[in-house]
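Please open the model in a viewer and keep the sequence beside it. The tour below proceeds by selection, stop by stop.

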Amino acid sequence: MKTKARKFMYIAMLLTLTLAFPSCDVELELGNHSLEYRERTAYLCSSDWQDDWYDDYGYHRFQVLRFYPDGTGEDYLRVQDAYGRWDEYRYTFVWDWYDAFYTSIRLNYGGGDFSYMDNIRLGDGRLECQLDGSWVSFYNY
């Protein structure tokens with residue numbers, strides 16, 4: 001009889017604890033340091049990402065993006081005309097993953113100036129994305 005009473009008491013306690021402590025709510029937030037977040041951030045920050053191209057006006061452009069794990073970065077741009085004259089521009093930015101799938105990045109250059117890298121594909125030494133709507137490919141060297 002004592003055994004049945006004890007079992008009943010244990011079941012009642014277990015039921016009380018189950019009802020008293022409902023399951024915890026887990027929120028999905030960007031930058032939650034999940035494994036995918038860490039892997040993609042580490043890959044992004046592991047290299048200088050370079051691209052060079054000729055624009056519609058015949059200017060040769062060379063760009064280097066550097067991402068740092070603390071959410072900051074640098075943008076270097078060199079523009080050279082057909083006569084060999086060139087200008088250099090250096091910018092700093094603050095970056096963050098802009099979606100929960102880590103396929104978009106928002107670059108904040110300050111003063112309300114933002115750029116967006118969407119549909120990011122990382123791998124094989126490449127960073128492919130739509131940078132402000134234009135498809136680009138950066139390579140790590």
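Select Asn119, which lies in strand E6; strands (E, at least two residues) and helices (H or I, at least four) are DSSP runs, numbered from the N terminus. Asn119 has a positive phi of about 55° although it is not a glycine. Most residues other than glycine have a negative phi. With a relative accessible area of 40%, Asn119 is partly exposed; the term covers values between buried, under 20% relative accessible area, and exposed, over 50% (1.4 Å probe, protein chains only).

The model is a predicted one, in which local features need pLDDT of at least 70 and side-chain atom pairs count only at pLDDT 80 or more, while totals for chains, interfaces and linings use all residues. Residues are numbered from 1 along each chain as its sequence is written, and side-chain values use heavy atoms, with hydrogens and water left out.

**Ile120 and the loop between E4 and E5**

Move on to Ile120, also found in strand E6. Is this residue buried or exposed? Ile120 is buried, with a relative accessible area of 5%. Not counting residues up to four places away in sequence, Ile120 touches Arg40, Trp97, Thr103, Ser104, Ile105, Leu127, Glu128 and Cys129; contact means heavy atoms within 4.5 Å. Add Thr103 to the selection: Ile120 and Thr103 are 17 residues apart in sequence, and their C-alpha atoms are 4.7 Å apart in space.

Next select Asp99, in the loop between E4 and E5. Asp99 counts as buried, at 17% relative accessibility. From its C-alpha atom to that of Asp118, 19 residues apart along the chain, the separation is 9.4 Å.

**The largest nonpolar core**

Which residues touch the most other members of the largest nonpolar core? Of its 19 residues, these are Phe67, Trp95, Ile105 and Met117. Such a core is a set of buried Ala, Val, Leu, Ile, Met, Phe, Trp, Tyr and Cys residues joined through side-chain atoms within 4.5 Å. To see where the members come from, colour helix H2 (35-45) and the strands E2 (60-67), E4 (86-97), E5 (105-108), E6 (114-123), E7 (126-131) and E8 (134-140), each of which supplies at least two residues of this core.

Centre the view on Ile105. Leaving aside neighbours within four places in sequence, its contacts are Leu44, Phe67, Trp95, Asp96, Trp97, Tyr98, Ser115, Tyr116, Met117 and Ile120.

**Aromatic rings**

A search of the whole structure finds 12 aromatic pairs; rings of Phe, Tyr and Trp (its six-membered ring) pair if their centres lie within 6.5 Å, and planes under 30 degrees apart count as stacked, over 60 as edge-to-face and the rest as tilted. Select Phe67 and Trp95, an edge-to-face pair with 5.6 Å centre to centre and 90° between the planes. This pair links distant parts of the chain, with Phe67 in strand E2 and Trp95 in strand E4, 28 residues apart. Both Phe67 and Trp95 are buried. Extend the selection to Tyr37, Tyr89, Tyr91, Phe93, Trp97, Tyr102 and Tyr109, which together with Phe67 and Trp95 form one aromatic cluster.

**Arg78**

Turn to Arg78 in strand E3. This residue is partly exposed, with a relative accessible area of 26%. Arg78 touches His60, Arg61, Phe62, Trp86, Asp87 and Glu88, again not counting residues up to four places away in sequence. The C-alpha atoms of Arg78 and Glu88 are separated by 4.5 Å, and the two residues are 10 apart along the chain.

**Asp132**

Select Asp132, in the loop between E7 and E8. Its phi is near 50°, a positive value in a residue other than glycine. Asp132 is partly exposed, with a relative accessible area of 47%.

**The whole chain**

Finally, show the entire chain, which comes to 2 helices and 8 strands. Read along the sequence, its pattern is α-α-β-β-β-β-β-β-β-β. Of its 141 residues, 29% count as buried. Among contacts with a separation of 6 or more, residues 24 or more positions apart account for 28%.
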